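Colleague: I should be grateful for a close look at the aromatic side chains of this protein. Which rings pair with one another, and how are they arranged?

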Amino acid sequence: DNKALYDTFSLFGNILSCKVACDHAGKSRGYGFVHYETEEAAKQAIERVNGMQIGDKTVEVTRFLKRDDREPAPVTYTNIYV
């Protein structure tokens with residue numbers, strides 16, 4: 001829920017945008033994005049909220065990395081195409 005995300009993370013600084021990622025039916029995919037005005041606000045949010053229990057989930061809060069900048073996951077093939 002976008003409002004809950006905003007309310008949780010606005011404690012650390014001015015938010016330029018925030019959004020919960022949703023599927024085509026509008027159901028949360030379990031992650032979201034918060035864009036702060038300052039780097040200091042983002043760092044504080046990471047330090048204070050990462051590992052915190054929110055509802056029934058423990059959240060992971062990290063710096064956003066573009067897909068190309070992420071470390072690739074190890075590839076293990078167990079399926080074949082015939």
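Modeller: In this predicted model, a search of the whole structure finds two aromatic pairs. One of them joins Y31 and F33, whose ring centres are 5.8 Å apart, with 90° between the planes, an edge-to-face arrangement. The other brings F33 together with F64: here the centres are 5.9 Å apart and the planes stand at 75°, so this pair is edge-to-face as well. Planes count as edge-to-face when they are over 60 degrees apart. Y31, F33 and F64 thereby form one aromatic cluster.

The contact between F33 and F64 also has a bearing on the chain. F33 belongs to strand β2, whereas F64 is found in the segment after β4, so the pair ties together parts that are 31 residues apart in sequence.

As to accessibility, Y31 is partly exposed, at a relative accessible area of 41%, and F33 is likewise partly exposed, at 42%. F64 has a relative accessible area of 52% and is therefore classed as exposed, the cut-off being over 50%.

F33 also takes part in the largest pocket, a space of about 1300 Å³. Of the 33 residues that line this pocket, F33 is among those nearest its centre, together with L5, F9, G32 and E60. Strand β2 gives the most to the lining, with eight residues; α1, β1, α2 and β4 are also among the elements that give two or more. By class, the lining comprises 16 nonpolar, nine polar and eight charged residues.

Notes:
Residues numbered from 1 in each chain as written. Predicted model: local features only at pLDDT ≥ 70, side-chain atom pairs only at ≥ 80, totals over all residues. Heavy atoms only, no water. 1 Å grid on protein atoms, 1.4 Å probe; cavity = no way out; pocket = protein on both sides within 12 Å on 5 of 7 lines; lining within 4 Å. Points joined across faces, edges and corners; volume = space filled by probe spheres on them. Helix = DSSP H or I, 4+ residues; strand = E, 2+ residues; numbered from the N terminus. Nonpolar A, V, L, I, M, F, W, Y, C, P; charged D, E, K, R; others polar. Phe/Tyr/Trp six-rings, centres within 6.5 Å; stacked < 30°, edge-to-face > 60°. Buried < 20%, exposed > 50% of the residue type's maximum accessible area, 1.4 Å probe, protein only.
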